[in-house]
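Welcome, and please have your viewer open with the cartoon and side chains ready to toggle. We will go from stop to stop, with a selection to make at each one.

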Amino acid sequence: MAKSEIVVIGSSNTDMTVLTDRLPNPGETVLGGKFTMGPGGKGANQAVAVNRLGGQVFFISKVGNDLFGNNALAYYRKEGMEVHGISYSEQPSGIALITVDAHAENCIVVASGANDDWSLEDIEAHRYEIENASILLLQLEIPVPVVLRAAQIAHEAGVYVVLNPAPYCPLPSEIYKYVSLIIPNETEMSLMTGIEICDGESCEEALVSLSSKGIQDIIVTMGSKGSFVRHGSESRFIPALKVKAVDTTAAGDTFCGGVCVALSEGKEIFEAAKFATLASSLTVQKIGAQESIPYRKDFEI
């Protein structure tokens, strides 16, 4: 395996999406419009993003031995991705139910299934791929102890470890010493630091707080506003591109994949964030998760 490879460890889901004028209130039923079903999951979205944006990806995941899992494997093969890092679980494949409103905001409920069926032995089985990667990209739709162990193995081998702490859950303090770059959104950043992010000043305060845990690189994504990037003691704001968004699903995953691809090509982190911003701006202009992720040929670098 080439040292330039980006290893992604994470979830694989099937997304079932309904478009509606507005999101329902608790206990309320609203009539929706178009229904779509397609591949998703944060891990899979990020792996597909790396692949489409020109990176060399190795995806480690679990699916059920069922219709959804077999369809996912067929889809990854069609994308030109290797699938021998994906194993079958006795649990059903992960499912995500997504509602998207007229303002492109969404709410998501996930039945994890096979994504919860991980052991530390599963990570040890892929030690070679992890230790020989250039970048390891992780999220939190698989058990945290598995994420922690993968990060530790990679860090000890000198691999650049990227963590997207989504969906948010409390993390063991130990994990921060293994992470090279963390990419939370503003909500996740607030939960991690206890600092409510409402403007640039509060974001900078949160960046300083999180960097005190020993993380060299931090990118806080803020949707249509842009992102704050911190490298060492230097922070910069990267504005978002002005586009007409129709669905924000997978925009954050595209961003994470884009950052990793740019870094693997030798770009410094501020330029990597600009590359990822462009990629995610294309994602929000289409409906769906992986269906909306752009290819490198879709834009000029």
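How many bridges join strand β1 to β8, and do the two run parallel or antiparallel? Select residues 6-9, which form β1, together with β8: four bridges join the two strands, and they run parallel. Keep in mind as you look around that this is a predicted model.

**Stop 1: strand β8 and its neighbours**

Show the side chains of residues 135-138, the whole of β8. I135 and L137 point to one side, L136 and L138 to the other, and all four are buried, so both faces of the strand are covered. This fits a general pattern: in a regular strand the side chains alternate between the two faces of the sheet.

Now add I6, which stands opposite I135 in β8. Next, select residues 160-163 to bring up strand β9, which pairs with β8 in the parallel sense, again over four bridges. To find a matched pair here, pick L138 and look for L163 of β9 opposite. To follow the chain between these two strands, colour helix α5, residues 144-156: the path leaves β8, passes through this helix and arrives at β9, a right-handed β-α-β crossover.

**Stop 2: the four-stranded sheet**

Move on to the open sheet with the order β3-β2-β6-β7, where the pairing is mixed. Which strands stand at the edges? Select 35-40 for β3 and 106-111 for β7: each has a single partner strand, so one side of each is left without a neighbour in the sheet. Turn the view to look at the twist: neighbouring strands of this sheet are turned by 20° against each other on average, direction ignored.

Zoom in on β6, residues 94-100, and its partner β7: six bridges join them, and they run antiparallel. A pair to label is I98 and its bridge partner I108 in β7.

Then display helix α2, residues 67-78. The helix lies across β2 (13-19), β3 and β6, and runs at about 70° to β3.

**Stop 3: a cavity**

For the last stop, where is the largest cavity lined? Select D15, T17, T36, M37, G38, P39, G288, A289 and E291, the residues that line the cavity. Its volume is about 30 Å³, and the count of cavities of 30 Å³ or more comes to one. The elements that give two or more residues to the lining are β2 and β3, and β3 gives the most, with four residues.

Conventions. Residues numbered from 1 in each chain as written. Predicted model: local features only at pLDDT ≥ 70, side-chain atom pairs only at ≥ 80, totals over all residues. Heavy atoms only, no water. Buried < 20%, exposed > 50% of the residue type's maximum accessible area, 1.4 Å probe, protein only. Pairing = 2+ DSSP bridges. Right-handed = clockwise from strand over helix to strand, strands pointing away. Axes fitted to C-alpha atoms, helices over the stretch in contact; angles between N-to-C directions. Contact = heavy atoms within 4.5 Å. 1 Å grid on protein atoms, 1.4 Å probe; cavity = no way out; pocket = protein on both sides within 12 Å on 5 of 7 lines; lining within 4 Å. Points joined across faces, edges and corners; volume = space filled by probe spheres on them.
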